[in-house]
Amino acid sequence: MTGMRVPVIVDHVVPLSAAPVRTSAPATATTIAAVHTALPPHRYTQDDLVEPIGDLCLPPGADRALLRRLHASAGVRTRHLALPIEAHAGLGDFGQSNDAWLKVGLELGEEALTGALTRAGLDAADVDLLVCASITGIAAPSLDARLAGRIGLRPDIKRLPVFGLGCAAGAAGLARVHDYLCGHPDDTAVLLTVELCSLTLQQRDDSRANLVAGALFGDGAAALVARGSATGGGTTHGGTEPEAAGPSVVATRSRLYPDTEQLLGWDIGACGFRVVIDAAVPGVVRDHLGRHLRAFLAEHGLTVDDIGTWVCHPGGPRILSALTDALGLPDDALDPTWRSLASVGNMSSVSVLHILENIRESRRPEPGTWGLLLAMGPGFCSELVLLRW
């Protein structure tokens, strides 16, 4: 062995005095070119819905004190419903509810898609990938396939219908669109979310979870147009002049929490989708999400204090309070989320896109500032998307 040279492999050397490296938007960044939300025309105040929902869910003569408390404490002032509230009593089974989801979902999906493409200055033929998420109904052919011919998508469009991510699908869908565009930087991708939560309300079900859903959820659709780094972000192929480009997606992170599968989701049976919302969800958020979120930011040389814009899914007042506590956020950090909850309720996967659209329109962040889009859903899971304006 004398005289033999032994190679020394240095994996990673960091000077003790080195400061964290601040991440800049990478060359493969995805640009969010436009977001557009479509809401059904049937708009109600929260007070207008208390008694009709009680008529649907509670047995005759039942005490309505809990129902009224849940509506009063949900943080919701107005909501949009897929159907007039009086039409819900005529939905006799899951098939009828699902038929209504398909009809209204196609109408709202078309409005959201065409609106987002117009705002991006693009034509339907410019879209290379369409990701379509919904957890409030199901169809084959899926919504995306049925919409393709209606709005003029190319016959070779790549499609990815998604079911099961629930409220997390807006954030997870954006993350997967980003993954695709990193590998296809010349392409344009669209994320469409359609959620008609009111059509899953179970008649004659006075469980707390059903009553919470009846007090919290609203209906809508939203579409987000994203462009790869080689497209120039806002460069048009044919459409009208685009809006100013939105933020770039810098990084994403998905997290499943072990032994929490039973906390959130559906019990699916003859009556359709019966909601599962466990009271332990805010505790999981408080105990785990903050730690994982901080670790994700630290990988990019960032802390919670560096995030200037929070695009957080409005899971409900208890979840938003748990998140604020876990992260030590200022009282006004989640104001865009609270405003969305108040104006349209929790629209499941649609909500984070609705909030992002409102931020773009009302108080566009300063260039170079950081944002974080996050949502939680069945699994139990969280999805984080790091943004930079």
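Here a biologist and a modeller talk through the strands, salt bridges and cysteines of a predicted model.

Biologist: Before we start, what kind of model is this, and how are residues numbered?
Modeller: Local features in this predicted model need pLDDT of at least 70, side-chain atom pairs count only at pLDDT 80 or more, and totals for chains, interfaces and linings use all residues. Side-chain values use heavy atoms, leaving out hydrogens and water, and residues are numbered along each chain as its sequence is written, from 1.

Biologist: Thanks! Which strands are the edge strands of the open sheet of 9 strands?
Modeller: Strands here are DSSP E runs of at least two residues, and helices are H or I runs of at least four, numbered from the N terminus. Two strands pair if DSSP finds at least two bridges between them. The order in this sheet is β5-β4-β6-β7-β1-β8-β13-β12-β11, with mixed pairing. An edge strand pairs on one side only, and here those are β5 and β11.

Biologist: In which sense do β4 and β5 pair?
Modeller: Strand β4 covers residues 129–133 and shares 5 bridges with β5. One of its residues, A133, has V162 of β5 as its bridge partner. The sense of this pairing is parallel.

Biologist: And how many residues lie between β9 and β10 in their hairpin?
Modeller: Strand β9 (residues 264–269) pairs with β10 in the antiparallel sense over 6 bridges. Within this pair, G265 stands opposite V276 in β10. The number of residues between the two strands of the hairpin is 2.

Biologist: Let us turn to charges. How many salt bridges are there?
Modeller: A salt bridge is counted when a side-chain nitrogen of Lys or Arg is within 4 Å of a carboxyl oxygen of Asp or Glu. By this rule, the count is 15.

Biologist: How far apart in sequence are the parts that D187 and K158 tie together?
Modeller: The closest N and O atoms of their salt bridge are 4.0 Å apart. D187 sits in the loop between α5 (169–183) and β6 (188–196), while K158 belongs to strand β5 (residues 158–162), so the parts they tie together are separated in sequence by 29 residues.

Biologist: Is D187 buried or exposed?
Modeller: Buried means under 20% relative accessible area, exposed over 50%, and partly exposed in between (1.4 Å probe, protein chains only). Its partner K158, at 38%, is partly exposed. With a relative accessibility of 13%, D187 counts as buried.

Biologist: Which residue forms a salt bridge with R274?
Modeller: The closest N and O atoms of this pair are 3.0 Å apart, and the partner is D205. R274 is in strand β10 (residues 272–277) and D205 in the loop between β6 and α6 (208–216), so the bridge joins parts 69 residues apart in sequence. R274 is partly exposed at 35%, whereas the buried partner, at 8%, is D205.

Biologist: Where does E299, the salt-bridge partner of R253, lie?
Modeller: Their side chains meet at 2.7 Å, N to O. R253 is in strand β8 (residues 248–256), and the pair ties together parts 46 residues apart in sequence, because E299 lies in the loop between α7 (281–298) and β11 (307–312).

Biologist: Last one: how many disulfides does the structure hold?
Modeller: A disulfide is a pair of cysteine sulfur atoms within 2.5 Å. Among the cysteines, C132 is buried at 4% relative accessibility, and C271 is exposed at 57%. The number of disulfides is 0.
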